[in-house]
Amino acid sequence: GTNAVVWTVTDVHGNSATCTQQVVVVDNQAPSISCPADVGIGTDPGQCSASNVVYTVSASDNCTNVTVVCSPASGSMFLVGVTAVTCGVSDAAGNTNGCSFTVTVSDTERPTLSCPADVMVNADPGLCSASGVALGVPVSTNDNCGVSTVVNDGSGAYPVGSNAVVWTVTDVHGNSGSCTQKVIV
């Protein structure tokens, strides 16, 4: 700020005169700011995002209190993927500084499915196996971010006996789940 310095001169007979000098001190030192290391977190159960992601940014200044603003703010919701967080700090003199980091939200939740009902069929005439078996479709599939594929390892012909058909559901982020259906010939 501006500081007044009063100069006084006095002669040997006690007469004096004064003048005022101004000393202006300028804060041109930027505040310091420190962002956290990159943050990695999983999705909330049943959601394709992470809510209330909290992080701490520290800042200080040589003269005054500072104001820190981050976007997205601490406590925000983040979608699956990588989000850049940019933080800025300013002091009362208008000096600024900044830092950034990333928040990576990963989908680690496996999708689920319910297999079609077990199938019981007769062997094809003159054969010890059945072909053209209609397996049906899964009763339900579910995932927090979305199903990509549903496949099975069924074969063209099933021998007499109990045969396992494994159904696999894969979500859009590569997580998978499975169930087993029986084909009884």
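Which residues make the nonpolar surface patch of about 350 Å²? They are V5, W7, V23 and V25. Before going on, a reminder that this is a predicted model. Of the patch residues, take V23, which is found in strand 2, residues 16-24. V23 has a relative accessible area of 35%, so V23 counts as partly exposed.

Next, a sheet. Four strands form an open sheet in the order 4-10-9-7, and the pairing is mixed. Strand 4, residues 39-42, and strand 7, residues 66-71, are at the edges. Each of these two has a single partner strand, so one side of each is left without a neighbour in the sheet. On average, and with direction ignored, neighbouring strands in this sheet are turned by 20 degrees against each other.

Within that order, strand 9 covers residues 81-91 and strand 10 covers residues 96-106. The two pair in the antiparallel sense, over 10 bridges. To place one position on the screen, V89 stands opposite N97 in strand 10.

Now strand 18, residues 176-184. The covered face of strand 18 consists of G177, C179, Q181 and V183. On the uncovered face are S176, S178, T180, K182 and I184.

What does strand 18 pair with? One partner is strand 12, residues 119-120, which runs parallel to strand 18 and is joined to it by two bridges. There, M120 has I184 as its bridge partner, and I184 belongs to the uncovered face. Another partner is strand 17, residues 162-171, antiparallel to strand 18 over nine bridges. In this pairing V166 stands opposite T180, and T180 is again on the uncovered face.

Strand 17 and strand 18 also form a hairpin, with four residues between them. In the turn, G174 has a positive phi of about 90 degrees.

The last residue is N175, in the loop between strand 17 and strand 18. Is N175 buried or exposed? The cut-off for buried is under 20% relative accessible area. N175 has 15% relative accessibility, so N175 counts as buried.

As for what surrounds N175, leave aside the neighbours within four places in sequence. The contacts of N175 are then D107, T108, E109, R110, P111, V169 and T170. Among them, T108 is 67 residues away from N175 along the chain, yet the two C-alpha atoms are separated by 6.7 Å. V169 and T170, also in the contact list, fall within strand 17, residues 162-171.

That is the end of the walk through the model.

Notes:
Residues are numbered from 1 along each chain as its sequence is written. This is a predicted model: local features need pLDDT of at least 70, side-chain atom pairs count only at pLDDT 80 or more; totals for chains, interfaces and linings use all residues. Side-chain values use heavy atoms; hydrogens and water are left out. Patches are made of residues with over 30% relative accessible area and no salt bridge: like charges are joined within 9 Å, nonpolar side chains (Val, Leu, Ile, Met, Phe, Trp, Tyr) within 5 Å. Accessible areas come from the Shrake-Rupley method with a 1.4 Å probe; for residues, only the protein chains shown count as cover. A salt bridge is a side-chain nitrogen of Lys or Arg within 4 Å of a carboxyl oxygen of Asp or Glu. Buried means under 20% relative accessible area, exposed over 50%, partly exposed in between (1.4 Å probe, protein chains only). Two strands pair if DSSP finds at least two bridges between them. Axes are lines fitted to C-alpha atoms, for helices over the stretch in contact, and angles run from 0 to 180 degrees between N-to-C directions. Contact means heavy atoms within 4.5 Å.
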